[in-house]
Amino acid sequence: MKTQPNIGNRFLAGFIDYLIIYTVTFVLIFAIGAPNDEGGYSLDGAQAFIPILFWLAMTVGLESGLGGTIGNSLVGLKAIPLSGVNVT
């Protein structure tokens with residue numbers, strides 16, 4: 001299966017996805033984080049895994065479960081396996 005290169009769309013999709021990931025991460029840090037000695041906030045212990053799990057869900061989970069991330073869906077990209085057969 002031959003596809004057209006979509007570098008601009010791929011960049012835009014990645015930008016959208018990571019904008020969402022960073023926004024949620026910063027909101028989580030300020031909402032449930034503890035103030036630190038440097039005047040900022042930080043997540044400690046098990047709470048530090050929440051942004052990592054969110055990142056995994058946004059990238060790997062959506063890509064494998066729905067065939068694309070939110071950014072991919074917004075710009076019209078769809079992941080195609082090497083076999084060329086999409087199950088979704």
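**Entry 1: the length of a helix**

The expected span of a helix is 1.5 Å times one less than its number of residues. I kept that rule at hand while looking at this model, which is predicted. I tried the rule on α1, which runs over residues 7-32. With 26 residues at 1.5 Å a residue, α1 should span 38 Å, and I found its end C-alpha atoms 37 Å apart, so the two values agree.

**Entry 2: the whole chain**

Next I stepped back to look at the fold. I found three helices and two strands in the protein chain. Following the sequence, I wrote their order down as α-β-β-α-α.

I then looked up how much of the chain is hidden. Of its 88 residues, 19% are buried. The chain exposes about 6500 Å², and carbon and sulfur atoms supply 68% of that area.

I also looked at contacts between residues with a separation of 6 or more. In this group, 45% of the contacts join residues 24 or more positions apart.

**Entry 3: the inner side of α1**

Which residues of α1 are buried? My list reads A13, I16, D17, I21, T25 and I29. I followed these buried residues to their partners and saw that they pack against β2 (41-42), α2 (49-66) and α3.

One name on the list made me stop: D17, a buried residue of α1. Aspartate counts as negative, so I went looking for a partner of opposite charge. How far away is the nearest such side chain? It belongs to R10 and is 10 Å away. A salt bridge needs the two charged groups within 4 Å, so D17 is buried without one.

What does D17 touch instead, leaving out residues up to four places away in sequence? I noted M58, T69, I70, G71 and N72. Of these, M58 falls in the range of α2, residues 49-66, while I70, G71 and N72 fall in the range of α3, residues 70-75.

**Entry 4: S73, a visitor from far along the chain**

I stayed with α3 a little longer and picked S73, which is found in this helix. Is S73 buried or exposed? Its relative accessibility is 55%, so S73 counts as exposed. I then checked S73 against A13, which is 60 residues apart from it along the chain, and their C-alpha atoms are separated by 8.1 Å. A13 itself is on my list of buried residues in α1.

**Entry 5: a nonpolar patch outside**

On the surface I found a nonpolar patch made of Y18, Y22, F26, F30, Y41, F49, I52, L53, W55, L56 and V60. Together these residues have about 1100 Å² of accessible area. Which helix gives the most to the patch? It is α2, with six residues. Both α1 and α2 supply at least two residues each.

I looked more closely at F26, one of the patch members, and placed it in helix α1. F26 has 48% relative accessibility, so it counts as partly exposed.

**Entry 6: two last stops**

A48 sits in the loop between β2 and α2. Its relative accessible area is 29%, which means that A48 is partly exposed. I compared A48 with I29, 19 residues apart along the chain, and the two C-alpha atoms are separated by 8.9 Å.

Finally I visited L66 in helix α2. With a relative accessible area of 58%, L66 is exposed. I paired L66 with A79: they are 13 residues apart in sequence and, C-alpha to C-alpha, 9.4 Å apart in space.

How values were computed
Residues numbered from 1 in each chain as written. Predicted model: local features only at pLDDT ≥ 70, side-chain atom pairs only at ≥ 80, totals over all residues. Heavy atoms only, no water. Helix = DSSP H or I, 4+ residues; strand = E, 2+ residues; numbered from the N terminus. Buried < 20%, exposed > 50% of the residue type's maximum accessible area, 1.4 Å probe, protein only. Contact = heavy atoms within 4.5 Å. Areas by Shrake-Rupley, 256 points an atom, 1.4 Å probe, with all protein chains shown as cover. Patch = residues over 30% accessible without salt bridge, like charges linked within 9 Å, V, L, I, M, F, W, Y side chains within 5 Å.
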